[in-house]
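Subject: Structure for you to look at

Dear colleague,

Here is the structure I promised to pass on, followed by what came out of going through it. Please keep it open beside this message as you read.

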Amino acid sequence: MKTNDGSPFPKRLKEARLAKGLSQKKLGILAGMDQFAASPRMNQYEKGVHSPDFQTVRALAKVLEVPTAFFYCEENELAGLILAYEEKPLK
């Protein structure tokens, strides 16, 4: 069993999910999880009980429309800058 080692991932995941107005179950399903496992898995990720593999992180980031780096950013101000940077159109 993996436990949270102080990673900002659980906090950032919950922030992004709530900002999108999604339930844990809905987010999990949209990210490709089985409908019966989606809610418990997302709950464990948000509580830091388990950590997702990077493929799952990428799927969650796509659904939540945030860069993967956002999930791992410890500093709130920098996390905000990462989100703002992502919103700028690419040249």
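At roughly what angle do the axes of helix H1 and helix H3 cross, and within what distance do they come? Please bear in mind that this is a predicted model. The axes of H1, which spans residues 9–20, and H3, which spans residues 38–47, come within 6 Å and cross at roughly 125°, which makes H1 oblique to H3. From H1 the residues Phe9, Pro10, Leu13, Lys14 and Arg17 take part in the contact, and from H3 they are met by Met42, Tyr45, Glu46 and Lys47. Sorted by class, this contact is made up of 5 nonpolar and 4 charged residues, with no polar residue.

Turning to the interior, the largest nonpolar core has 20 residues, and those with the most contacts inside it are Leu13, Leu60, Leu64 and Phe71. Two or more residues of this core come from each of H1, H3, H4 (54–64), H5 (68–71) and H6 (76–87), and H4 gives the most, with 4 residues. If you would like one residue from which to explore the core, you might select Leu60, which touches Phe9, Leu13, Leu27, Ala31, Met33, Met42 and Phe71 when residues up to four places away in sequence are not counted.

Two charged residues also deserve a look. Arg17, found in helix H1, counts as buried because its relative accessibility is 8%, where the cut-off for buried is under 20%. Leaving aside neighbours within four places in sequence, Arg17 is in contact with Leu22, Ser23, Gln24, Leu27, Glu46 and Leu64; of these, Glu46 is also one of the H3 residues that meet H1. Glu65, by contrast, is found in the loop between H4 and H5 and is exposed, with a relative accessible area of 57%. The backbone at Glu65 has a positive phi of about 55°, although this residue is not a glycine.

Finally, a word on the annotation: the UniProt record, an unreviewed entry, carries "domain: HTH cro/C1-type" over residues 13–71. Over that stretch the chain in the model is 68% helix and 0% strand, and the C-alpha atoms at the two ends are 6 Å apart.

With best wishes

Note on methods
Residues numbered from 1 in each chain as written. Predicted model: local features only at pLDDT ≥ 70, side-chain atom pairs only at ≥ 80, totals over all residues. Heavy atoms only, no water. Axes fitted to C-alpha atoms, helices over the stretch in contact; angles between N-to-C directions. Parallel < 35°, antiparallel > 145°, perpendicular 65-115°, else oblique. Contact = heavy atoms within 4.5 Å. Nonpolar A, V, L, I, M, F, W, Y, C, P; charged D, E, K, R; others polar. UniProt positions renumbered as here; feature names shortened; annotations may be inferred. Core = buried A, V, L, I, M, F, W, Y, C linked by side-chain atoms within 4.5 Å. Buried < 20%, exposed > 50% of the residue type's maximum accessible area, 1.4 Å probe, protein only.
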